[in-house]
Amino acid sequence: MKTFNSLAIPHADDLIFGQCPHPVRLKNGLEIGKGTVYPELNFTLPPMAITRETMPKVREQYTEIINAVCSRALELHAPGLIVEFEMLPDMTAAPRTAQTCSPSNQRAAKKFTITPS
């Protein structure tokens, strides 16, 4: 594991919102720390039962949320969007079943991907 002995930006006056010495490029092309500040949304499910039998409804709920969020981001001309969904404790009891949520969310979000011209 890499260890650090000093801060990447040692002086608080040198901090610039949205920029860092070593930007990170995500699989979807967003570059974090290169100057563009992306809106971020964290969300979870409304109160509902989470069981193996209700997982299709759980995925449907997540997909509806992702669709609404991405639609709104497009309306607002957001330069990109970072979305984090919370895995609830009941979902960790059946991880293989819950693992289907992430690909489901990615498929929903990809419908809104805009390729720069």
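## A helix with one buried face

In this predicted model, helix H1 packs its buried residues against strand E3 (40–43), strand E4 (82–85) and three helices, namely H2 (89–92), H3 (95–98) and H4 (101–110). H1 itself covers residues 55–75, which makes 21 residues. From first C-alpha to last it reaches 30 Å, close to the 30 Å expected at 1.5 Å a residue.

Which residues of H1 are buried? They are Met55, Val58, Gln61, Tyr62, Ile66, Val69, Cys70 and Ala73. Look down the axis of H1 and these buried residues fall within an arc of 155°, so they line one face of the helix. Here's the textbook background: an α-helix has 3.6 residues a turn, so residues three or four places apart point the same way.

Gln61 is worth a stop along the way. It lies in helix H1, and its relative accessibility is 16%, so it counts as buried, the cut-off being under 20%. What does Gln61 touch, leaving aside residues up to four places away in sequence? Its contacts are Leu45, Pro46 and Met48.

Now for the two ends of H1. In the loop between E3 and H1 you'll find Glu53, which counts as exposed because its relative accessibility is 64%, with exposed meaning over 50%. Pick Glu53 and Lys27 in your viewer: they are 26 residues apart along the chain, and their C-alpha atoms are separated by 32 Å.

On the other side, H1 is followed by His77, which sits in the loop between H1 and E4. Phi of His77 is near 55°, a positive value in a residue other than glycine. Is His77 buried or exposed? With a relative accessible area of 69%, His77 is exposed.

Next, the cysteines. Cys70 is one of the buried residues of H1, with a relative accessibility of 8%. Cys20 has 34% relative accessibility, so it counts as partly exposed. How many disulfides are there? The count comes to zero.

Here are the residues discussed above, side by side:

| Residue | Relative accessibility | Class |
|---|---|---|
| Cys70 | 8% | buried |
| Gln61 | 16% | buried |
| Cys20 | 34% | partly exposed |
| Glu53 | 64% | exposed |
| His77 | 69% | exposed |

Stepping back to the chain, its secondary structure comes to four helices and four strands. Starting at the N terminus, the elements run β-β-β-α-β-α-α-α. Why call the chain spread out? Its radius of gyration is 18 Å, well over the 13 Å that the globule rule gives for 117 residues, so the chain is more spread out than a compact globule. Along the principal axes, the C-alpha atoms fill a box of roughly 50 × 40 × 25 Å.

As for burial, 20% of the 117 residues count as buried. The chain exposes about 8,900 Å², and carbon and sulfur atoms supply 57% of that area. Contacts across the sequence can be put in numbers too: among those between residues at least 6 apart, 55% join residues at least 24 apart.

Notes: Residues are numbered from 1 along each chain as its sequence is written. This is a predicted model: local features need pLDDT of at least 70, side-chain atom pairs count only at pLDDT 80 or more; totals for chains, interfaces and linings use all residues. Side-chain values use heavy atoms; hydrogens and water are left out. The expected span of a helix is 1.5 Å times one less than its number of residues. Buried means under 20% relative accessible area, exposed over 50%, partly exposed in between (1.4 Å probe, protein chains only). The arc is that of the directions from the helix axis to the C-beta atoms. Contact means heavy atoms within 4.5 Å. A disulfide is a pair of cysteine sulfur atoms within 2.5 Å. The radius of gyration is taken over C-alpha atoms; the globule rule is 2.2 Å times the number of residues to the power 0.38. Accessible areas come from the Shrake-Rupley method with a 1.4 Å probe; for residues, only the protein chains shown count as cover.
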